[in-house]
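Me: Please take a close look at one part of this protein. I would like a single connected account of it.

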Amino acid sequence: MKALVISVDLGEPDYAAHAEEFLMLASGAGADIVEVLTARRSRPDAAGFIGSGKVEEAAALVKATGAEVVLFDQALTPAQQRNLERQFEVRVVDRVALILDIFALRAKSHEGKLQVELAQLQHLSTRLTRMWTHLERQRGGIGVRGPGESQLETDRRLIGVRVRALKERLERVQRQRLTQRRARVRGKTLSVSLVGYTNAGKSTLFNALTRADAYAANQLFATLDTTTRRVWIEGAGQVVVSDTVGFIRSLPPMLIAAFRATLEETVHADLLLHVIDAASPQRDEQAAAVNQVLRDIDAHEIPQILVYNKIDTAGYEPRVERNEHGTIARVFVSALQRSGLDGLRRSIVEFGGEPTGNNAFDETVQPE
């Protein structure tokens, strides 16, 4: 689908990274980006976000390029979206709706699909006006995957009924997870969750650690459903390892709520492996975004080991670093090349297993 991307610079210091990330999101949703229009604003315009002049420029670009959808890299209010669609005469999809669309595209499990539908309906419920009448015959494409396509013509009452039903079904899933978790606690099984910014290589690392075949690709939100495997690690015994959905800056609030069941594996983990893309120039900002989501879901007090992945690209050597208390704080690995994994396994052993006594970490160094 041909898409015009409108990138808005609000004076944020990391605007370039924000804009690049949005283009990756758009491509991941299947957009054929025909043009990128950049607008600078000190603050959003109440009516059209980018101001009347830029709206006219964008409308002209829509006609000139034959764009079928306009993608905004910021969140729009329902009024702004309605006004822009009247001007452009094509669908307008903001950042929140685009992320929801990708989630609808990628969710594979029954639970994941339920969570996506709940988030989409909650987002849609704020935008049910006659703004959609000129789009009634347009089907498919970016912004209307999943329930969006069938629910646009329903009213808030019917959506409310469906939302309540979805919440009840997700609560049942949570209860099932709780039962499974209690069984693990009784068996004294160490629970480890991989968390990290989207595209940091979590699923590749998960596969390397557990010899599983979870889907992994060089794209944002390649996998959405939590995958859990048991793995035997010498010194720690049976360890339950979970690969969770990747995080992103400014994650839509309804997604945090809707994916609470999936993130339960993170909330109740004994140890978090916070996977960081060592080759990314924005790795510090991405790590901060992950920690913010962990605070949002009350998982910020769970012990963390920072796992710097993709060292083959970043030019680092495999190693383990300790903090001033002698506790392992950082591990440098390449999940793709499977280097440094022994150090990571030994880090898990030191956290959850019995001390070996010899502290034999060949790769161990103190932080610089």
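Reply: Here is a look at helix 8 and its surroundings.

This is a predicted model, where local features need pLDDT of at least 70, side-chain atom pairs count only at pLDDT 80 or more, and totals for chains, interfaces and linings use all residues. Residues are numbered from 1 along each chain as its sequence is written, and side-chain values use heavy atoms, with hydrogens and water left out.

The protein has 13 helices and 12 strands. Helices (H or I, at least four residues) and strands (E, at least two) are DSSP runs, numbered from the N terminus. Of its 368 residues, 52% are buried. Buried means under 20% relative accessible area, with a 1.4 Å probe and protein chains only.

Helix 8 spans residues 202-210 and holds Ser 203. Ser 203 is buried, because its relative accessible area is 7%. An unreviewed UniProt entry annotates Ser 203 and Thr 223 as "binding site". Such annotations may be inferred rather than shown by experiment; positions follow the numbering used here, and feature names are shortened.

Helix 8 packs against helix 13 (residues 341-352) at an angle of about 80°, with the axes 11 Å apart. Axes are lines fitted to C-alpha atoms over the stretch in contact, and angles run from 0 to 180 degrees between N-to-C directions. The two helices are therefore roughly perpendicular (65 to 115 degrees). Helix 8 brings Leu 205, Ala 208 and Leu 209 to the contact, and helix 13 brings Leu 341, Leu 344 and Arg 345. Contact means heavy atoms within 4.5 Å. These residues divide into 5 nonpolar, no polar and 1 charged.

How values were computed
Buried means under 20% relative accessible area, exposed over 50%, partly exposed in between (1.4 Å probe, protein chains only). Angles under 35 degrees count as roughly parallel, over 145 as roughly antiparallel, 65 to 115 as roughly perpendicular and the rest as oblique. Ala, Val, Leu, Ile, Met, Phe, Trp, Tyr, Cys and Pro count as nonpolar, Asp, Glu, Lys and Arg as charged, and the others, Gly among them, as polar.
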